[in-house]
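This report describes one model in terms of its domains, its ligand shell, its strands and its backbone geometry. Please keep the coordinates open while reading.

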Amino acid sequence: MTISVQADITVFGSGIAGLWISSVLRQKGFSVALIESASVGGIQTIASQGIIHGGTKYALSGTLSEATRAIGDMPQLWRSCLSGTGPLDLSDVKILSEYQFLWSTENLISQLTGFFASKAMRSRIQAVAEESRPAPFNTTKFKGNLYQLDELVLDIPSLIKSLSRRLIEQTITADPAHIGLKPETPHSLTIQQASGRLIIDSQYMILAAGAGNKSLLAQLGKTSPAMQLRPLHMVMLKGQLPELYAHCIGANANPRLTITSAKHRQQNIWYIGGQLAESGVGISPDVQISRAKDELSATMPWVDTGKTEWATFLAQRAEPKMKNRRRPDSYFLQHDNRITTVWPTKLAFAPRLASDVLSQLDQTNIRPKTTQSDLSIYSLENKLAKPPWETAIQWK
Ligand SMILES: Cc1cc2nc3c(=O)[nH]c(=O)nc-3n(C[C@H](O)[C@H](O)[C@H](O)COP(=O)(O)OP(=O)(O)OC[C@H]3O[C@@H](n4cnc5c(N)ncnc54)[C@H](O)[C@@H]3O)c2cc1C
């Protein structure tokens with residue numbers, strides 16, 4: 001049996017890009033088919049640290065780079081959504097922290113004083129007085145510098161829940177092997193199901209499938225835009241730890257460690273990225289854990305991690321291909337024959353990316369035509385993606 005349905009726009013991928021774009025499309029009256037090949041909430045999105053960057057991380061070289069400028073407005077845009085007055089109402093999303101800390105070790109103070117006082121940083125951070133230092137910096141054993149940076153950290157599972165619950169009728173989860181596209185009929189998607197074939201015809205398609213964009217483009221017979229993957233070997237530890245959202249600043253332009261926290265089964269998790277994760281690719285989890293232990297004892301030697309358990313998590317950032325595989329400065333979208341391929345490159349860029357997608361539809365004269373039908377009846381069970389600390393099998 002073949003069932004045919006119409007949707008104005010088919011969106012592939014339910015990470016932050018697909019969820020945000022689909023939500024704003026619905027607001028504008030478009031009917032949407034949101035196709036997901038695994039769990040709702042994405043692969044990178046659920047693994048992200050939830051930091052709504054305003055670019056300070058990219059100013060660590062001491063100058064305001066293109067990346068800093070591109071992302072500078074994002075915290076304000078997100079704050080408006082979180083307070084219910086922005087382009088999307090995210091007032092039910094949990095904010096884990098209103099700010100993050102930047103700390104440096106004693107031996108780097110002299111090198112970094114100039115940097116913290118620099119023009120690029122002065123408006124972004126404030127020094128934290130000794131008596132106001134939070135744990136784990138509220139000890140005389142801490143001899144470094146501590147600064148507060150007003151950039152938010154969000155609870156990603158609650159963000160996914162908030163966005164996905166308004167898209168229940170639009171979301172179809174299907175086995176990736178059963179999602180078929182053809183170059184000769186690019187706007188017609190076929191999903192093979194136990195009961196027969198489902199064909200979804202749309203005016204326009206948006207490829208927001210992260211690393212999955214490559215194979216969708218290949219199915220459509222396209223080699224452009226090209227994609228790059230930049231891996232990260234993240235580290236997690238759990239136990240009696242204070243909640244912490246902080247970057248350890250080293251001599252490098254990248255933070256030495258970026259630590260965010262989550263609660264799991266009454267315990268605090270520290271989820272660690274930064275240079276440790278960038279440089280820990282291609283090594284075993286055991287070696288990466290021992291590097292992380294060394295880094296923590298070098299940067300916060302007074303913190304006792306003796307009774308903690310450790311695990312690692314491999315993640316891939318999917319992005320447009322760049323020269324020398326460098327990090328893209330901004331989000332990416334490319335339009336070709338009523339198909340737009342997107343990579344947000346940062347969670348924080350999702351609102352800006354979605355608004356560019358809407359402008360493109362407007363310029364291409366794509367208007368809402370089809371009434372939204374309930375597509376959930378064609379879906380496998382929609383499961384929400386789980387964060388890495390919930391899926392880690394082996395804690396050591
Ligand atoms: C470890 C880590 C930490 C990060 N921390 C931050 C941070 O703190 N702040 C920040 O701003 N950014 C951060 N980022 C970057 C950010 O997470 C990503 O830029 C963003 O989540 C990408 O979203 P996405 O929707 O493009 O991709 P994804 O979240 O990967 O979602 C893509 C979705 O498409 C689905 N899919 C794949 N193939 C198909 C197909 N054929 N058909 C249908 N669906 C398909 C996948 O199953 C997935 O659900 C981090 C990234 C990583 C890896």
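A residue counts as buried here if 20 or more other C-beta atoms, placed from the backbone, lie within 10 Å of its own C-beta atom, as exposed if 12 or fewer do, and as partly exposed in between. The model is a predicted one, and by this criterion Ile-156, Leu-159, Ile-160, Ser-162, Leu-163 and Ser-164 of helix H7 are buried. The elements that cover these buried residues of H7 include H1, H2, strand E7 (153–154) and strand E8 (171–173).

## Domains and the ligand

The domain assignment divides the chain into domain 1 (2–46 + 158–228 + 322–391) and domain 2 (94–154 + 229–317). The centres of domain 1 and domain 2, taken over C-alpha atoms, are separated by 34 Å. To the contact between them domain 1 gives 10 residues, while domain 2 gives 14 residues. On the side of domain 1 that touches domain 2, helix H7 (156–165) and helix H12 (388–391) each supply at least two residues, and the largest share, three residues, comes from H12. Sorted by class, that side of domain 1 has five nonpolar, three polar and two charged residues.

Where does the ligand lie with respect to domain 1 and domain 2? Both domains give residues to the shell around the ligand, so the ligand lies between them. There are 40 residues around the ligand, of which Gly-13, Gly-15, Gly-42, Gly-210 and Gly-212 come nearest. Two or more residues of this shell are given by each of helix H1 (16–27), strand E2 (32–36), helix H2 (44–47), helix H8 (213–219), E12 and strand E16 (309–320). By class, the shell around the ligand divides into 20 nonpolar, 17 polar and three charged residues.

## The eight-stranded sheet and Arg-230

An open sheet of eight strands follows the order E5-E6-E4-E13-E14-E15-E12-E16, and its pairing is mixed. Strand E5 (125–127) and E16 stand at the edges with a single partner strand each, so one side of each is left without a neighbour in the sheet. From one strand to the next, the twist averages 25 degrees. Within this order, E4 and E13 pair in the parallel sense, and Leu-102 has His-247 in E13 as its bridge partner.

Strand E12 (residues 227–239) holds Arg-230. Apart from residues up to four places away in sequence, Arg-230 touches Arg-317, Glu-319 and Arg-325. Is Arg-230 buried or partly exposed? Arg-230 has 17 other C-beta atoms within 10 Å, and it is therefore partly exposed. Between Arg-230 and Pro-368 there are 37 Å in space, C-alpha to C-alpha, and the two are 138 residues apart in sequence.

## Strand pairs

Strands of a sheet pair through backbone hydrogen bonds, either parallel or antiparallel. Three of the pairs in this model are set out below with their sense and their bridges.

| Strand pair | Sense | Bridges |
|---|---|---|
| E4 (residues 100–104) and E13 (residues 246–249) | parallel | four bridges |
| E9 (residues 179–180) and E10 (residues 188–193) | antiparallel | two bridges |
| E10 and E11 (residues 196–207) | antiparallel | six bridges |

In the pair of E9 with E10, Gly-180 has Thr-190 as its bridge partner in E10. Strand E10 is also joined to E11 by a hairpin through two residues, and Gln-193 has Gly-196 in E11 as its bridge partner.

## Backbone geometry

Most residues other than glycine have a negative phi, and most peptide bonds are trans. Ala-135 and Pro-136, however, are joined by a cis peptide bond with omega about 5 degrees, and Pro-136 lies in the loop between E5 and strand E6 (145–149). A cis peptide bond also joins Ser-224 and Pro-225, with omega about 0 degrees, and Pro-225 is found in the loop between H8 and E12.

Arg-338 has a positive phi near 55 degrees and belongs to the loop between strand E17 (332–336) and strand E18 (339–343). Because Arg-338 has 17 C-beta neighbours inside 10 Å, it counts as partly exposed. Thr-345 likewise has a positive phi, near 65 degrees, and its place is in the loop between E18 and helix H11 (350–363). With 25 C-beta neighbours inside 10 Å, Thr-345 counts as buried.

Definitions and conventions:
Residues are numbered from 1 along each chain as its sequence is written. This is a predicted model: local features need pLDDT of at least 70, side-chain atom pairs count only at pLDDT 80 or more; totals for chains, interfaces and linings use all residues. Two residues are in contact if their C-beta atoms, placed from the backbone, lie within 7 Å. A residue is near a molecule or strand if its C-beta atom, placed from the backbone, lies within 6 Å of it. Ala, Val, Leu, Ile, Met, Phe, Trp, Tyr, Cys and Pro count as nonpolar, Asp, Glu, Lys and Arg as charged, and the others, Gly among them, as polar. Domain bounds come from an automatic or database domain assignment. Two strands pair if DSSP finds at least two bridges between them. Axes are lines fitted to C-alpha atoms, for helices over the stretch in contact, and angles run from 0 to 180 degrees between N-to-C directions.
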